Amino acid sequence: MYYQLLMLASFLLAGYQDARERLVSDYYWIPGIIAAVLVVALLPSMDFVLVARITLIGILAFAFAWFGFIGQADAIALTLISSDPTPYAPIPVLLATGVVAIVHILYLYAKGTARKSHLITLKEFQTQAKWIPKALVVDGVRREITNDVNVSRELAEEHAKSGPEDAKTMVEVQYGVPQVTYIAAGFVAYVAYLAIFQPHLLTAFP
């Protein structure tokens, strides 16, 4: 039970911040890290399975983050959910996450938000965290930006500052989905399912 409560604390905080700012404070992961350490320490019979699963998923997640396909916070979230000691974990959380993500992305496509790239002003880009920059358009000249989601926003702002002060700068952007928020919603749905249909699993582990 304590495991799920600590994980819920991390994911609720991280998911809320990701939805608002598209970034997550490292401090928000502390309860989840404590939960992962505790479950490994208090369930010696499952040590090998848990450590192997955490290591495998952690390596894959951080490899994706290294190449810029996902954010570092996304990699941490995926690694933490792999520490769940319940049967078939983390498949139920990933399935719930997928459902939440698909529903939200379909909604965004229906609105036209995520269907194509948008051209917005530099000021709008700087004040709205939901956009991932793809290119800068300075005085009508388009300049590509890296596809690495972990550094693209910072690079866009640096390139914009380094240009002529009187230049008209636009930013070509795509909507950045809050992946940590999706994982958080998936974890909350999973815990709710356990509480309703398999409450014994909430008390069977630390």
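**Pockets and cores in the predicted model**

The second largest pocket comes to about 270 Å³ in volume. It is lined by 18 residues, and Ile132, Lys134, Gln174, Tyr175 and Val177 sit closest to its centre. Helix H5 (91-111), strand S2 (131-138) and strand S4 (169-175) are the elements that each put two or more residues into this lining. S2 has the largest share of the lining of the second largest pocket, at three residues. By residue type, the lining of the second largest pocket splits into nine nonpolar, five polar and four charged. As everything here comes from a predicted model, the figures describe that prediction.

Two threonines come next. Thr113 belongs to the loop that runs between H5 and strand S1 (118-121). With a relative accessible area of 14%, Thr113 is buried, because the cut-off for that label is under 20%. Setting aside neighbours within four places in sequence, Thr113 touches Leu108, His118, Trp131 and Tyr175. One of these contacts, Tyr175, also turned up among the residues closest to the centre of the second largest pocket. Thr97, for its part, is a residue of helix H5. Its relative accessibility is 11%, so Thr97 counts as buried too. Beyond its neighbours within four places in sequence, Thr97 has contacts with Tyr182, Ile183 and Gly186.

Now for the largest pocket, which holds about 720 Å³ of space. Its lining takes in 29 residues, with Arg22, Leu23, Gly71, Val149 and Asn150 closest to the centre. At least two lining residues apiece come from helix H1 (2-21), helix H4 (72-81), strand S2, helix H7 (152-162) and helix H8 (179-197). H4 is the top contributor to the lining of the largest pocket, with four residues. Sorted by type, the lining of the largest pocket has 14 nonpolar, eight polar and seven charged residues.

Arg22, one of the residues closest to the centre of that pocket, comes just after H1 and has a positive phi of about 60°. As for H1 itself, 20 residues at 1.5 Å a residue should span 28 Å, and the end C-alpha atoms are 28 Å apart, so the two values agree. The buried residues of H1 are Tyr3, Gln4, Met7, Leu8, Ser10, Phe11, Ala14, Gly15, Gln17 and Asp18. These buried residues pack against H2, H4, H8 and H9.

Some of H1 goes into the largest nonpolar core as well. That core counts 28 residues, and Met7, Phe11, Trp29 and Phe187 have the most contacts inside it. H1, helix H2 (30-42), helix H3 (47-66), H4, H8 and helix H9 (200-204) each bring at least two residues to this core. H8 gives the most, at seven residues. Trp29 shows how the pieces meet: leaving out neighbours within four places in sequence, Trp29 is in contact with Ser10, Phe11, Ala14, Val24, Ala73, Ile76, Ala77, Leu80 and Val180. Apart from the largest core there is another, of 13 residues, including Phe125, Leu136, Val138 and Ile145. In soluble globular proteins, nonpolar side chains tend to be buried together.

Notes:
Residues numbered from 1 in each chain as written. Predicted model: local features only at pLDDT ≥ 70, side-chain atom pairs only at ≥ 80, totals over all residues. Heavy atoms only, no water. 1 Å grid on protein atoms, 1.4 Å probe; cavity = no way out; pocket = protein on both sides within 12 Å on 5 of 7 lines; lining within 4 Å. Points joined across faces, edges and corners; volume = space filled by probe spheres on them. Nonpolar A, V, L, I, M, F, W, Y, C, P; charged D, E, K, R; others polar. Core = buried A, V, L, I, M, F, W, Y, C linked by side-chain atoms within 4.5 Å. Buried < 20%, exposed > 50% of the residue type's maximum accessible area, 1.4 Å probe, protein only. Contact = heavy atoms within 4.5 Å. Expected span 1.5 Å × (residues − 1).
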